[in-house]
Amino acid sequence: MNASLAVTLVTSAIMFGTPLLLAGLGELLAERSGVLNLGVEGMMLAGAVTAFWAVQAVPGPAWLALIVAVLLAAAAGGAMALIHAFVSVTLRANQIVSGLALTIFAGAAGLSSYLGVVWGLAGKPGAHQMSAIDMGALSDLPVAGPILFHQDPLVYASWLLVIVAAWYLYRTRPGLNLRSVGEAPAAADAMGIPVTAYRYVHTVIGGALAGVGGSYFTLVLSSQWTDGLTAGAGWIAIALVIFAFWRPGYLLIGAYFFGLLSGLGFDLQARGVAWPSEFFSALPYVMTVIALVIMSTGWARRQLGTPAALGTPYAREEGG
Amino acid sequence: MPGGIRVERRLGNPRWVAFVVPVVALIVAAIVTAAVLAASGHQPLQVYQQIYQAGFTANGALSRTFVYATPLLFTGLAAAVAFRMKVWNIGGEGQLYAGAIGAAGVGLALHTWPGPLVIIAMVIGGALAGALWAAIPGLLRAYLRTNEILTSLMLNYVAGLLLYYLIYDSTSYWRDMTSASAKVFPTGKSIEASAFWPQLSFGAALVVPMGFGLGIVVALGIWTVTRTSPTGFAMSVIGESPGAATYAGMRTKRTIAGVMLASGAFAGIGGASQIGDFGHTLDPRGLQQAGYGYTGIVVAALGRYNPLAVVIVSFLIGALTNAGFALQGPDFPSGLVGVIEGIILFSVLAGEALSRYRISLRRSPRTADTAPGTPVGEVVAP
């Protein structure tokens, strides 16, 4: 493989992997608190449509519109997650069905599509697109230049977030509390850790990150709004959390691997490989199934860091 | 100690819950949806009136509602049997596609056979194809404990791409290559008219497709099996407590795999009905646009996973889906149906959760009933 193809593949892996990484980090935090949120796809689409609306609606310079768009996308994703937190943490309803409800409510045939019509976004070109930061001489370096020094701000933000999340989980008091809430909520409660508050906060942060991940689709990957343009990225992000053994560092590797698979079709077809496009499009989904199977083997189960209380509501009077 | 509201856990599930929760959920959903509509500058009452007309009273509306209710009945049953056992098959969408591919293939291959035999073969072909597609997540879940939520969902996308490949990107058996225009604008081959599934006509106003009748038969079958057979008993025990089921010597793995296969088979018959009752040809766009598999989850939950209730609910949600397609436009954004369905699902969940608790007022410590057996827990709010 020549160097230029390798660089192309790595940059496209980062490009398509970034929304997976952002949404996956969010889901990782929520799951660490014991809340499984299957609404990622819906939250991403809510973020995507909000960001696309914001870049049209916010006047002033492009950088301002883009910042507002990302923040509003985070707010939209967070608001969606709040519904899930209320239903699954406060009302203690089934988390799986609640997450599915969120994806149906906000997803491709739900609120995101509704808002797209109400805001009249169909067929409009994006007013502003987020572009890579040019770092002059650094960006011109061979290999490292395009990969490390010629990315857009959200890519750098995602790298920073991986470091922050790892530090938070393993090096801070609230991070330790978070892990204990996800592992043994009754014990955490007995130690005076507010279980419900931890679950709410991390579910909502998770939703905000999913919203930002969604905004990457409308601010970077596509210049148009179409219903359901995330095409299952939210579900792959949920699977990635499992592949990453609930660890931020592994999540980065997994996200870029799946980003590579997502971009592979475009790259190889551009170079004249004539396999049916459906084959390449199906790759990330098929690989997700294969990876999940590998994760169910004995080896992986020994490595696994599934939070022990994942998916189970906590009620003080019932705990024991 | 001052008087207050007393919330305690119910020990059993009273009968009225089965009826009251879905009704209250629908009312709450109507109110919340009205708020969403009002917020986006629509007239809620006017929109509801339109939905009612397009779903039930307009010319031919009832027949069209059955067109949407039929696949929803099958995907609803598919979700109901699996979810009841806490086997989360979200692959109804892909299993419906697989059923459509299978039934269309059988229908085309047997074009020389007499119509009634082809119809029976199509039902079987659709069921087998759906079961086969569900076997992947089902066997993985049962024997390797692979997360079936994600695998069944991923396979929806794969099945959708397979549909596209068969009609738009290849010269497959399913694609019509006979005319010049079909080579430019890809369509599927049509099955023989003798193999079109029969309809039950009540005059011009109401036509009920054979698929809906078949769905009622399947629902009755599921109801009978779950209520009366040892397998049905094992299913409910495994759903409540897999550990206890294994301890009691039940074949947990085999039952989980079997339920997943049955669930896929039901969705597959839904796909067969799409070919036999309605389209008569494999139409990737039409199948994917409708999202019957995902809506089936809403149907199952609103019917509280009871197969007979699913029959009624599929008709109601069928009317909503029908109205969604009929009214689609700036005054009725296409996403509205999903919004309503999502809110219905949340309301059902909230209702189920709240019905687990008994809420009572107590005026003073003396009149309070302090020892009604032993309450599992209590929360006292001032």
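These exercises walk through a predicted model of two chains, A and B.

**Exercise 1. Find how confident the predictor is in the complex and in chain B, and where that confidence drops.**

Start with the complex. The predictor gives an ipTM of 0.92 and a pTM of 0.91. Next, take chain B. Its average pLDDT is 88, and 91% of the residues score at least 70. Now look at single elements. In chain B, helix α4 (residues 92–109) has the highest mean, 97. Strand β5 (residues 378–381) of chain B has the lowest, 41. Then check the surrounding stretch. Over residues 366–382 of chain B, pLDDT stays under 50. The model has 19 contacts beyond four places in sequence for that stretch. Read them with care. Where pLDDT is low, predicted coordinates should not be read in detail.

**Exercise 2. Describe the fold of chain A and decide why it counts as compact.**

Count the elements. Chain A has 14 helices and 0 strands. Now compare sizes. The radius of gyration of chain A is 20 Å, and the globule rule gives 20 Å for 320 residues, so chain A is as compact as a globular protein of that length. The C-alpha trace spans about 60 × 50 × 40 Å along its principal axes. Look inside. Of the 320 residues in chain A, 50% are buried. Finally, check the contacts between residues at least 6 apart in sequence. In chain A, 78% of these join residues at least 24 apart.

**Exercise 3. Do the same for chain B.**

Count again. Chain B has 15 helices and 5 strands. Its radius of gyration is 23 Å, close to the 21 Å from the globule rule for 382 residues, so chain B is as compact as a globular protein of that length. The C-alpha atoms of chain B fill a box of roughly 90 × 60 × 35 Å along the principal axes. Buried residues make up 49% of the 382 in chain B. Among contacts in chain B with a separation of 6 or more, 77% come from residues 24 or more positions apart.

**Exercise 4. Work out which strands of chain B form a hairpin.**

Begin with the pairing. Strands β2 (residues 199–202) and β3 (residues 206–209) of chain B run antiparallel and are joined by 4 bridges. Fix one pair: B:Gln199 stands opposite B:Pro209. Then inspect the turn. The hairpin of β2(B) and β3(B) has 3 residues between the strands. One residue in the turn, B:Gly203, has a positive phi of about 70 degrees.

**Exercise 5. Say what helix α5 of chain A packs against.**

First, locate the helix. α5(A) covers residues 111–118, and 7 of its 8 residues are buried. Among the buried ones are A:Leu111, A:Tyr114 and A:Val117. Now trace the neighbours. The buried residues of α5(A) pack against α2 (40–57) and α4 (95–106) of chain A. They also pack against α15 (336–355) of chain B. Step past the helix end. Just after α5(A), A:Gly120 takes a positive phi of about 60 degrees.

**Exercise 6. Break down the contact between the chains.**

Count both sides. The contact takes 42 residues from chain A and 45 from chain B. Now sort the chain B side by element. α5 (115–144), α6 (148–168), α13 (292–302) and α15 of chain B each supply at least two residues. The largest share, 14 residues, comes from α15(B). Sort by class. The side of chain B that touches chain A has 30 nonpolar, 11 polar and 4 charged residues. Last, examine one contributor. α6(B) has 21 residues, of which 17 are buried. From first C-alpha to last, α6(B) reaches 30 Å, close to the 30 Å expected at 1.5 Å a residue.

Key
Residues numbered from 1 in each chain as written. Chains lettered and ligands numbered in written order. Predicted model: local features only at pLDDT ≥ 70, side-chain atom pairs only at ≥ 80, totals over all residues. Buried ≥ 20, exposed ≤ 12 C-beta atoms within 10 Å, placed from the backbone. Contact = placed C-beta atoms within 7 Å. Nonpolar A, V, L, I, M, F, W, Y, C, P; charged D, E, K, R; others polar. Rg over C-alpha atoms; globule rule 2.2 N^0.38 Å. Expected span 1.5 Å × (residues − 1). pLDDT = per-residue confidence, 0-100. Pairing = 2+ DSSP bridges.
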